[in-house]
Amino acid sequence: MSNHHKVIIIGSGPAGFTAALYTARANLKPIIFEGNQPGGQLMITTEVENYPGFEHGIQGPELMDVMRKQVHRFGAESIYKYIVKVDFSKKPFSIWTDDGVEYTCDTCIIATGATAKLLGLETENKFMGYGVSACATCDGFFFKNQRVVVVGGGDTAMEEANYLTHHASEVIIIHRRDEFRASKIMIDRAKKNPKIKFVTDTVIEEILGKEEDGRKSVTGIKIKNLKTNEESEISCEGVFVAIGHKPNTDIFKGILDMDEVGYLITKKSTTETNIEGVFACGDAQDSYYRQAVTAAGTGCMSAIDAERYLEKINS
Ligand code: NDP
């Protein structure tokens, strides 16, 4: 395979695959760099009930598998590598993989998505993978008949808590306010679940654990009620952090316009970035909707924008 392509897509979630579908059907032979988490965030989701076309819902990983097969059918190719550097200052554009290989392209579509945020506690880092997790679907299985806590008050926290009740004996949602950001239907579902309990106005100060024979494990959390300042402990075996996401745009810092959090800024009603020929779609540029279907929608827009750009420069 030559290292020059008309279209390079960075990222393989619903945005990247939809961009690939449209550019492949336009005969532009797109290359998709699938990155560190092929399939993106839906790979760590269970049931997706709000993606149109699936009357009874579909599992996230299955949806992504179908999307990948669909784009490959039209000639898009996947490369299972991570992009570490880009140069958009000259044409063709250059991008580099983590093993140092340079690829060039006429147009680049950025669909790098977002990653789960963490609390930033030293003990969270210490016990990550040993009782602390940011992905219930990946790790819930390890907490059969145990007590776990979920941190956060958004839809992710509600969804993770509901999922964890399939494994854990009890799930405690710890939220720093007494109002929830999550949608009403998700809160209602969590509140109706007899295995889920809520602790509000509370933050985690420390994750407690032990180390025996070189094996680390979580034994509880130290919490503080923000209204009373009262500190206490809850014993649990698992801590699931579900407090939102950060866009995966670090490699574009100083190159592409982004907001203070790192979301790429695109021109109104298009996916154009500040560099002509570079387009951004999905959660990397959307801090507001952040849905699989809106990511797919902006992926489609970026493909059409890229196609029109290529027509313009080649005419
Ligand atoms: P959100 O940004 O919606 O919620 C993050 C939650 O974490 C908030 O309750 C926030 O508290 C809390 N939080 C943030 N930082 C900290 C911190 N340092 N310490 C303690 N708590 C913290 O993120 P989500 O990931 O929940 O959802 C993102 C988007 O994805 C939303 O639009 C959501 O609707 C969507 N989504 C939809 C799903 C579905 O429909 N099936 C499933 C999952 C997500 P506070 O409220 O006080 O700011």
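The following dialogue explains how several descriptions of this predicted model are reached.

User: What makes Gly153 one of the residues surrounding the ligand?

Analyst: A residue counts as near a molecule if one of its heavy atoms lies within 4 Å of it. The ligand is surrounded by 20 residues, and Gly153 is listed among the closest, together with Asp155, Thr156, Arg177 and Arg181. Gly153 therefore meets the 4 Å criterion.

User: How do you know that Glu159 makes a polar contact with the ligand?

Analyst: A polar contact requires a pair of N or O atoms within 3.5 Å. In the side chain of Glu159, an N or O atom is 3.3 Å from a nitrogen atom of the ligand. The pair therefore satisfies the cut-off. The side chain of His245 has an N or O atom 3.4 Å from an oxygen atom of the ligand, and a backbone N or O atom of Gly154 lies 3.4 Å from a ligand oxygen atom. Both of these pairs therefore qualify as well. On its own the ligand has 920 Å² of accessible area, of which the protein covers 79%.

User: What makes up the shell around the ligand, by class and by location?

Analyst: The shell has nine polar, six charged and five nonpolar residues. Helix 5 (residues 155-164) supplies the largest share, three residues. Domain 1 (4-115 + 246-314) and domain 2 (118-241) each contribute at least three residues to the shell.

User: How are the two domains placed relative to each other?

Analyst: The C-alpha centres of domain 1 and domain 2 are 32 Å apart. Their contact takes six residues from domain 2 and five residues from domain 1. Contact here means heavy atoms within 4.5 Å, so those residues have heavy atoms that meet this limit.

User: Why are strand 10 and strand 13 said to stand at the edges of their sheet?

Analyst: The open sheet has five strands in the order 10-17-11-12-13, with parallel pairing. Strand 10 (132-133) and strand 13 (196-199) each have a single partner strand, so one side of each lacks a neighbour in the sheet.

User: How do you know that strand 11 and strand 17 are paired?

Analyst: Pairing requires at least two bridges between two strands. Strand 11 (residues 147-151) and strand 17 (residues 238-241) have four bridges in the parallel sense, and therefore count as paired. Within this pairing, Val148 stands opposite Gly238.

User: What joins strand 6 to strand 7, and what is found in the loop between them?

Analyst: Strand 6 (residues 83-87) and strand 7 (residues 93-97) run antiparallel and are joined by four bridges. The requirement of at least two bridges is therefore met. Val86 stands opposite Ile95. The two strands form a hairpin with five residues between them, and Pro92 is found in that loop. Lys91 and Pro92 are joined by a cis peptide bond, with omega about 0 degrees.

User: What makes strand 15 a partner of both strand 14 and strand 16?

Analyst: Strand 15 (residues 215-225) is joined to strand 14 (residues 202-212) by ten antiparallel bridges and to strand 16 (residues 231-235) by five, also antiparallel. Both counts satisfy the requirement of at least two bridges, so both pairings hold. Gly209 stands opposite Val218 in the former, and Ile223 opposite Ser232 in the latter. The hairpin of strand 14 and strand 15 has two residues between the strands, and Asp213 in the turn has a positive phi of about 50 degrees. In the hairpin of strand 15 and strand 16, with five residues between the strands, Asn229 takes a positive phi near 65 degrees.

Notes
Residues are numbered from 1 along each chain as its sequence is written. This is a predicted model: local features need pLDDT of at least 70, side-chain atom pairs count only at pLDDT 80 or more; totals for chains, interfaces and linings use all residues. Side-chain values use heavy atoms; hydrogens and water are left out. A polar contact is a pair of N or O atoms within 3.5 Å; within protein, one must be able to donate a hydrogen and the other to accept it, and residues adjacent in sequence count only if both atoms are side-chain atoms. Accessible areas come from the Shrake-Rupley method with a 1.4 Å probe; for residues, only the protein chains shown count as cover. Ala, Val, Leu, Ile, Met, Phe, Trp, Tyr, Cys and Pro count as nonpolar, Asp, Glu, Lys and Arg as charged, and the others, Gly among them, as polar. Domain bounds come from an automatic or database domain assignment.
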